[in-house]
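Subject: Structure handover

Hello,

Here is the structure you will be taking over. My notes on its helices follow below it.

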Amino acid sequence: MVVLEQYLQLYERESHLVSSAWKTFHIIFYVVIALSGIAASYTFSHVLESFGGNCVLHSNVTFVSDKTDNSTSYLTIDCVKTEWGRQSDCSFCQYVPVCSVIFSIVWITFFLMCGRGGKTTRGLSQPWRIVLPSLIFNITFLGVALAAACKLHDGINVFCNFFQDDMDETNCQDLARYQLMEGNTGLMTYGYMKAAQISAWINVAGWSLSILMLLLRCFCAPDFQLVEISILAPTPVQEHILSSSQESLDATCEEVNGHGNLGPKESQA
């Protein structure tokens, strides 16, 4: 046979042939995003409470000695001399993780509604269609989460640098010796600061891993299969053989028809 045309055609793979790991990993990464977002928002809100709701990011907090009735001395915040950071920065760092939680739950719902992938009759009939919108959204929100994490990390570091220079402390962990607002100790607040920083970076890592997984799904294309299609034509020798076979078959059919027509005539005679 002579090959006239040959090309590859992309077809949707049957759902049971697609590994369930693709769907599972998508959901796992979004769960990580949701949990880290909750942790980042919760811990940073406690940091703000420790400073009376004022923005601690990029701030220069001044402490003064305060004596109680029993002459016990505490170092407390001097709200008059303290230079607070911009409230918009703290609001941004506090509510971006909240948005991460909301959006991750939305995407978890979408992927739970879908099957494994490929072509299915369960849930959304073509689950691979949400991969590209999810990829575009994840890349966009990764930039937002990264900006919030950097702002939070740098803001707390600036606060610690001012604190160490002004109070002649060796590191920010010495905040434990200070009395803050809302009855919170400096040790508790320092722990919340570190937890907020770590949670924010885990949140960024979750979005990054989700993007990598979506890109890998696009490159590997597990939802599809390539089928090679060839259009063939017989060679001249094969055409001659086919033509001879067809003539022989026609002759046999005519002979059979001829014998079949004799029967009724003979019976009529």
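**Helix packing**

Helix α1 passes helix α4 in a left-handed crossing. Please keep in mind that this is a predicted model. The axes of α1 and α4 are 7 Å apart, and the two helices pack at an angle of about 160°. An angle over 145° counts as roughly antiparallel, and α1 and α4 are therefore roughly antiparallel to each other. The residues of their contact divide into 23 nonpolar, eleven polar and one charged.

Helix α1 itself covers residues 21-50. With 30 residues at 1.5 Å a residue, α1 should span 44 Å, and its end C-alpha atoms are indeed 44 Å apart, so the two values agree. Just after α1 comes Gly52, which takes a positive phi of about 65°.

**α2 against α4**

Helix α4 is made up of residues 186-220, and its axis also comes within 12 Å of the axis of α2. Here the crossing angle is roughly 30°. Because angles under 35° count as roughly parallel, α2 is roughly parallel to α4. The crossing of α2 and α4 is left-handed. On the α2 side the contact is made by Ser100, Phe103 and Phe111, and on the α4 side by Asn203, Trp207, Leu214 and Arg217. By type, the residues of this contact are four nonpolar, two polar and one charged.

**α2 against α3**

Helix α2 (residues 87-113) has a further partner in α3: their axes come within 9 Å and cross at roughly 155°. That angle makes α2 roughly antiparallel to α3. The crossing is left-handed.

Which residues meet in this contact? From α2 they are Asp89, Phe92, Cys93, Val96, Cys99, Ser100, Phe103, Trp107 and Phe111. From α3 they are Pro133, Ser134, Phe137, Asn138, Phe141, Val144, Ala145, Ala147, Ala148, Lys151 and Leu152. The residues of the contact of α2 with α3 divide into 15 nonpolar, three polar and two charged.

Helix α3 runs over residues 131-167. Its 37 residues, at 1.5 Å each, should span 54 Å; the end C-alpha atoms of α3 are 52 Å apart, which agrees. α3 is followed by Asp168, whose phi is positive, near 55°.

**Aromatic pairs**

How many aromatic pairs are there? The count comes to 13. One aromatic pair is formed by Phe103 and Phe141, with 5.3 Å centre to centre and 80° between the planes. Planes over 60° apart count as edge-to-face, and the pair of Phe103 and Phe141 is edge-to-face. This pair links distant parts of the chain, since Phe103 lies in helix α2 and Phe141 in helix α3, 38 residues apart. Both residues also appear in the contact of α2 with α3, and Phe103 takes part in the contact of α2 with α4.

Regards

Terms used: Residues numbered from 1 in each chain as written. Predicted model: local features only at pLDDT ≥ 70, side-chain atom pairs only at ≥ 80, totals over all residues. Heavy atoms only, no water. Helix = DSSP H or I, 4+ residues; strand = E, 2+ residues; numbered from the N terminus. Expected span 1.5 Å × (residues − 1). Axes fitted to C-alpha atoms, helices over the stretch in contact; angles between N-to-C directions. Parallel < 35°, antiparallel > 145°, perpendicular 65-115°, else oblique. Left-handed = near helix turned anticlockwise from the far one by under 90°. Contact = heavy atoms within 4.5 Å. Nonpolar A, V, L, I, M, F, W, Y, C, P; charged D, E, K, R; others polar. Phe/Tyr/Trp six-rings, centres within 6.5 Å; stacked < 30°, edge-to-face > 60°.
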